[in-house]
Amino acid sequence: MKRFYFIIILFGLICLLVFCKQDVKEPKPYGPLPSERQLAWHDMEYYAFIHFNMNTFTNMEWGNGAESPSQFNPTELNARQWAKTIKEAGMKGVIITAKHHDGFCLWPSKFTEHSVKNSPWKNGKGDVLKDLSEACKEYGLKMGIYLSPWDRNHAEYGKPEYVTYFHDQLRELLTNYGDIFEVWFDGANGGSGYYGGANETRKIDNKTYYQWDTVLEIVRGLQPNAVIFGDGGPGVRWVGNEEGWANETNWSLLRQKEVYPGYQKYKELRSGHEDGTHWIPAECDVSIRPGWYYHPSEDIQVKTLSRLVDIYYQSIGRNASLLLNLPVDFRGLVHEKDIEQLMALKHQIEKDFAHDLAKGARVTATNIRGNHSKFKLDNVIDDDHKTYWTTDDNVTTASITFEFDVPTEINRVLLQEYISLGQRINGFDVEAEIDGNWRTIDTQSTIGAKRILRFDTIEASKIRINITNAKAVPTISNIELYRAPSLLTEPTVIRDAKGRVTMETVDKNIEIHYTMDGTNPTSKSKKYSSPFIVNEPTTLNVIAHNPENNQQTIPQTIYFDISKEDWKVVQVSSGKLDDTYKIIDDNPKTTWTTEKSDEAGEIIIDLGRKHQLQGFTYMPMQGRWPYGIISHYEFSASIDNKDWRIMAKGEFGNIKSSPIEQIIKFNTAKARYVKLKGIKIVDGDKRLSVGEIGVITKH
Ligand code: FUL
């Protein structure tokens with residue numbers, strides 16, 4: 001009998017369990033939701049922009065439309081090299097400037113003569129879009145197109161005829177090159193241009209002129225899976241800067257009706273609109289160099305690893321995607337320097353996310369929806385982004401705790417909401433139990449598709465994530481915890497005009513070691529701790545060393561000549577005298593320039609005492625738009641500022657393309673005064689500019 005009751009009770013319990021389980025439903029979706037095509041786009045995360053077009057050959061950022069197709073002539077164009085690079089860098093696709101504002105088309109459009117078909121490249125038989133789409137197929141990349149609405153070449157720009165042309169070209173691009181994942185429309189618009197020879201200014205109404213409804217129909221009809229990028233989407237929105245960052249608070253939502261191409265309050269796009277009416281997530285577009293297009297002078301300005309790492313965390317780590325631009329050069333190749341940095345970034349990110357510590361931890365939560373396995377906590381560590389953890393209805397605050405067997409070092413937390421049901425969380429913090437005490441590590445607002453928090457390494461026995469504010473029950477598909485290694489980058493070594501040498505690394509856990517006797521530095525060499533004085537000619541050999549894993553950078557050799565403490569600029573042919581300290585402040589970033597037309601600008605410096613000179617250095621103006629760079633010089637020396645002897649005269653070869661420090665040696669002479677004269681200035685500019693002047697002494 002007893003056995004009978006037992007079976008009945010057991011049966012009852014099983015029924016109850018089955019009944020309860022069936023009762024646990026998915027939470028209701030909340031707010032605007034992403035479409036299937038947007039969800040596929042979210043998965044892309046990191047993809048390349050390629051700016052390559054007429055501007056590559058004219059050394060411009062914006063051509064005015066009067067360029068001739070004959071100027072487009074890459075010598076080694078190889079789209080497979082682009083695709084291979086992009087794939088190896090860990091990116092999932094590429095968007096190409098099929099047509100930029102100057103109107104030149106990289107494909108042989110049947111609607112214009114202003115295209116590759118009239119260029120010398122492949123005798124007019126080439127098609128860059130075709131080459132790229134084949135290369136993308138080969139390397140498993142998705143392809144997108146940038147088609148500038150503004151066209152400074154087209155004679156009918158501003159009239160309805162141009163809009164027909166724009167739509168026709170869009171159809172052509174969306175028909176002939178396979179699947180397109182994103183169509184990119186730039187906000188820059190209207191203004192001066194060539195316009196078929198009219199050379200005038202034309203204004204259009206950004207909201208109405210291009211007939212965006214028709215554009216949408218064309219894209220949806222021909223490429224239903226493509227998202228449309230614009231200031232206000234409708235598929236993906238601009239992030240409101242071209243520097244590669246979103247705000248920490250970042251909603252994938254916009255009040256769509258308010259935002260149009262060329263939106264004035266574009267800074268709002270960095271956070272989106274919390275009360276947005278549509279799902280329109282942010283994309284961070286940024287170039288690996290200062291410019292979007294290739295300029296040889298920017299070969300020395302490729303973004304550093306630490307800058308790229310910051311960009312990664314401030315875009316992908318802040319609920320946005322990263323569209324990183326590679327300015328393909330005039331050979332038609334991604335430049336070696338850019339590849340080097342791309343791969344450095346890839347390897348660093350791989351190291352940062354090498355070992356997920358959440359996987360080995362015990363996980364508990366304050367609430368699990370219906371205690372049902374469908375919403376179990378394992379879902380946040382199971383690598384399946386389609387499963388998620390969530391809470392009972394009306395429970396919008398909850399905590400998830402990870403407990404380690406032994407205290408564990410952590411400096412990254414990665415979180416993902418299950419966005420198919422909407423973006424819900426608007427407040428969370430991370431706490432750590434350190435030596436038995438709980439400490440708040442970070443307090444933040446939104447999560448979205450992906451959020452990564454970076455913080456100083458802590459050793460914790462538990463990590464707790466508290467959802468403190470959610471618009472509806474939180475749904476979390478993924479949580480990862482990492483201990484990323486310190487970022488090992490070359491140290492920056494600077495000396496100021498007083499001879500004070502300062503060394504710095506981006507990560508404070510990295511050590512700097514150096515020698516001053518010409519030997520190779522190792523981690524056993526003198527460790528840098530605070531600034532020191534170098535007044536006499538000295539060669540420093542420097543490395544950065546990571547004590548965590550014993551890795552170090554390749555030694556850098558830095559030469560400092562006599563310090564400039566006693567120097568004075570005593571005469572300049574024009575320009576402000578009280579600004580002349582910028583010539584000798586040992587800071588190449590500060591620039592001094594002459595003010596007016598100065599046929600042969602010159603600068604006289606008093607070195608304070610006599611030295612045996614055997615050369616001089618000239619650092620041209622740095623920065624994005626330098627001017628006044630000396631191309632032909634004359635350098636003289638004097639004991640008394642009266643009798644002058646010309647020590648060297650000539651040309652700074654290639655200085656326009658490569659504005660780096662120029663080092664000119666001459667026969668030794670004793671002198672206290674030196675004079676640099678600009679005989680010719682780059683581009684025939686009337687002004688003369690100086691980033692820095694130095695001397696090389698004999699010792
Ligand atoms: C801008 C354009 O004007 C730039 O030339 C570049 O194409 C960039 C991606 O978008 O607004």
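**Exercise 1. Pro108**

Find out how Pro108 is placed in this predicted model: where in the chain, how accessible, and beside which residues?

*Solution.* Start with accessibility: Pro108 has a relative accessibility of 34%. Buried means under 20% and exposed means over 50%, so Pro108 counts as partly exposed. Next, locate the residue: Pro108 sits in the loop between β2 and α5. Then look for its partners. Leaving aside neighbours within four places in sequence, Pro108 is in contact with Ser115, Val116, Lys117, Gly126, Asp127 and Tyr177. One of these, Asp127, is 19 residues from Pro108 along the chain, and the two C-alpha atoms are separated by 6.2 Å.

**Exercise 2. Arg289**

Decide whether Arg289 is buried or exposed, and work out which side chains it makes polar contacts with.

*Solution.* First, place the residue: Arg289 belongs to the loop between β11 (282-287) and α8 (305-315). Second, check the accessibility. Arg289 counts as buried because its relative accessibility is 0%. Third, look at the charged group's surroundings. The side chain of Arg289 makes a polar contact of 2.8 Å with that of Asp299, and another of 2.9 Å with the side chain of Asp338. Finally, widen the view: beyond four places in sequence, the residues that Arg289 touches include Tyr294, His295, Gln301, Pro327, His335 and Lys337.

**Exercise 3. The ligand site**

List what surrounds the ligand, then pick out polar side-chain atoms that lie close to its oxygen atoms.

*Solution.* Begin with the shell: Phe49, His51, Trp62, His100, His101, Tyr146, Trp184, Asp186, Ala188, Glu242, Asp285 and Trp292 surround the ligand. Sorted by class, these are six nonpolar, three polar and three charged residues. Now go through the distances:

- Asp186 has a side-chain N or O atom 2.8 Å from a ligand oxygen.
- Trp62 places a polar side-chain atom 3.0 Å from an oxygen atom of the ligand.
- Glu242 has a side-chain N or O atom 3.2 Å from a ligand oxygen.

To finish, turn to coverage: on its own the ligand has 290 Å² of accessible area, and the protein covers 90% of it.

**Exercise 4. Helix α4**

Which residues of α4 are buried, and what covers them?

*Solution.* Helix α4 runs over residues 79-88, and its buried residues are Ala79, Gln81, Trp82, Ala83, Thr85 and Ile86. Their cover includes β1 (46-50), β2 (93-99), α5 (128-139), β12 (320-326) and α9 (336-352). Now inspect the two ends. At the start of α4, a side-chain oxygen of Asn78 comes within 3.0 Å of the backbone nitrogen of Arg80. Just after the helix, Gly90 adopts a positive phi of about 90°.

**Exercise 5. The nonpolar cores**

Trace the largest nonpolar core and find out which residues have the most contacts inside it.

*Solution.* The largest core has 78 residues, and Trp82, Leu129 and Leu170 have the most contacts inside it. Helix α6 (residues 160-176) contributes the most, with seven residues. Take Leu129 as an example: setting aside residues up to four places away in sequence, Leu129 touches Ile96, Ala98, Leu106, Trp107, Met143, Ile145, Leu173 and Tyr177. There is also a second, separate core of 34 residues, with Ile562, Phe616, Phe635 and Met647 among them.

**Exercise 6. Backbone details in the loops**

Examine the backbone at Pro234, Asn550 and Asn641, and say where these residues lie.

*Solution.* Take them in chain order. Pro234 lies in the loop between β7 (227-230) and β8 (236-238); the peptide bond leading to Pro234 from Gly233 is cis, with omega near 15°. Asn550 is in the loop between β25 (538-546) and β26 (551-552). Asn550 is not a glycine, yet its phi is positive, about 65°. With a relative accessible area of 56%, Asn550 is exposed. Asn641 lies in the loop between β31 (630-638) and β32 (645-651), and its phi, near 70°, is again positive in a residue other than glycine. Its relative accessible area is 27%, so Asn641 is partly exposed.

**Exercise 7. The whole protein**

How many helices and strands does the protein have, and what share of its residues is buried?

*Solution.* Count the elements: nine helices and 35 strands. Then turn to burial: 56% of the 699 residues count as buried. For the overall dimensions, the C-alpha trace spans about 125 × 70 × 40 Å along its principal axes.

Notes:
Residues numbered from 1 in each chain as written. Predicted model: local features only at pLDDT ≥ 70, side-chain atom pairs only at ≥ 80, totals over all residues. Heavy atoms only, no water. Near = heavy atom within 4 Å. Polar contact = N/O pair within 3.5 Å; in protein donor to acceptor, adjacent residues only side chain to side chain. Areas by Shrake-Rupley, 256 points an atom, 1.4 Å probe, with all protein chains shown as cover. Nonpolar A, V, L, I, M, F, W, Y, C, P; charged D, E, K, R; others polar. Core = buried A, V, L, I, M, F, W, Y, C linked by side-chain atoms within 4.5 Å. Buried < 20%, exposed > 50% of the residue type's maximum accessible area, 1.4 Å probe, protein only. Helix = DSSP H or I, 4+ residues; strand = E, 2+ residues; numbered from the N terminus. Contact = heavy atoms within 4.5 Å.
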